[in-house]
Amino acid sequence: MPEIRTERLLLRHWRDEDYQPFAAMNADPRVMKYFPEPLIREHSDTFVDFIRKQFELRGYGLWAVQTPDAPFIGFIGLHWATFEADFTPALEIGFRLAADHHGKGYATEGGLAVLKWLFQHTEEPEVNSWTAVLNKPSQRVITKLGLKRVDAGDFDHPRVPEGHPLRPHVRFHMSRADWRAKNKPHDA
């Protein structure tokens with residue numbers, strides 16, 4: 001499985017010792033503010049098992065992230081979403097970091113590295129991202145990554161209960177051509 005290194009981050013394979021800090025993260029109301037509810041330990045562990053299987057099947061997924069000072073701070077990576085919507089199945093770039101690591105630019109730094117890896121090492125034609133309308137912090141990161149909001153792309157997330165304030169979502173998109181245009185070498 002590939003690792004991705006940036007100036008401050010290592011995006012790596014999940015380890016058994018990541019389960020506990022990931023479960024603590026998923027139980028933290030600060031981390032799960034824009035989710036319908038925190039995850040219980042069993043659901044968090046099942047999610048890690050799923051992530052690990054996706055790496056086996058596809059060769060990529062939601063990488064575990066560490067810094068020189070912290071062995072695990074969350075995930076950044078790619079995920080195939082299959083919930084019921086007019087644009088799924090769709091490849092999503094996503095991130096979830098421990099609250100103590102919010103606001104440090106890690107999601108943007110790691111996300112840019114993941115996009116570079118995606119478009120240099122796969123044939124995938126596009127990537128998407130989405131989040132709750134209320135989740136302005138994630139929307140800022142997504143736009144810093146270069147994804148553009150999809151016109152008429154707003155949708156009600158089918159896995160969020162009817163009437164819940166987090167059900168309305170916005171969708172963002174980047175094609176391979178968009179990425180190339182954004183990352184073409186500048187003339188000297």
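Here is a chat between a trainee and a mentor about rings, helices and a few backbone details in this predicted model.

Trainee: Before we start, what should I know about the numbering and the model?
Mentor: Residues are numbered from 1 along each chain as its sequence is written, and side-chain values use heavy atoms, with hydrogens and water left out. As the model is predicted, local features need pLDDT of at least 70 and side-chain atom pairs count only at pLDDT 80 or more, while totals for chains, interfaces and linings use all residues.

Trainee: How many aromatic pairs does a search of the whole structure find?
Mentor: Rings of Phe, Tyr and Trp (its six-membered ring) pair if their centres lie within 6.5 Å; planes under 30 degrees apart are stacked, over 60 edge-to-face, and the rest tilted. Searching the whole structure this way gives a count of 15.

Trainee: What kind of pair do Trp14 and Phe22 make?
Mentor: Their ring centres are 5.1 Å apart. The planes stand at 75 degrees, so the pair is edge-to-face.

Trainee: Is Trp14 buried or exposed?
Mentor: Buried means under 20% relative accessible area, exposed over 50%, and partly exposed in between (1.4 Å probe, protein chains only). Trp14 has a relative accessible area of 1%, so Trp14 is buried.

Trainee: Which residues do ring pairs link into a cluster?
Mentor: We've already met two of the members, Trp14 and Phe22. The full cluster is Trp14, Phe22, Phe47, Phe72 and Phe75.

Trainee: Which residue has its charged end over the ring of Phe87?
Mentor: A charge sits over a ring if NZ of Lys or CZ of Arg is within 6 Å of the ring centre and within 35 degrees of the ring normal. Here the charged end is 4.2 Å from the centre of the Phe87 ring, and it belongs to Arg171.

Trainee: At what angle do helix α1 and helix α2 pack?
Mentor: Helices (H or I, at least four residues) and strands (E, at least two) are DSSP runs, numbered from the N terminus. Axes are lines fitted to C-alpha atoms, for helices over the stretch in contact, and angles run from 0 to 180 degrees between N-to-C directions. For α1 (residues 19-27) and α2 (residues 41-58), the axes are 9 Å apart and the angle is about 125 degrees.

Trainee: What do we call that orientation of α1 and α2?
Mentor: Angles under 35 degrees count as roughly parallel, over 145 as roughly antiparallel, 65 to 115 as roughly perpendicular and the rest as oblique. The angle is about 125 degrees. That is why α1 and α2 are oblique.

Trainee: Where is the cis peptide bond?
Mentor: Omega is about 5 degrees at this bond. Pro89, one of its partners, is in the loop between β4 (74-81) and β5 (90-97). The bond joins Thr88 and Pro89.

Trainee: What is phi of Ala152 near?
Mentor: Most residues other than glycine have a negative phi. Ala152 lies in the loop between β7 (148-149) and β8 (155-156), and Ala152 is exposed, with a relative accessible area of 87%. Its phi is positive, near 55 degrees.

Trainee: Which residues does Val141 touch, not counting those up to four places away in sequence?
Mentor: Contact means heavy atoms within 4.5 Å. Val141 is found in helix α4 (residues 136-144) and is buried, with a relative accessible area of 14%. With that exclusion, Val141 touches Phe95, Ala107 and Thr108.
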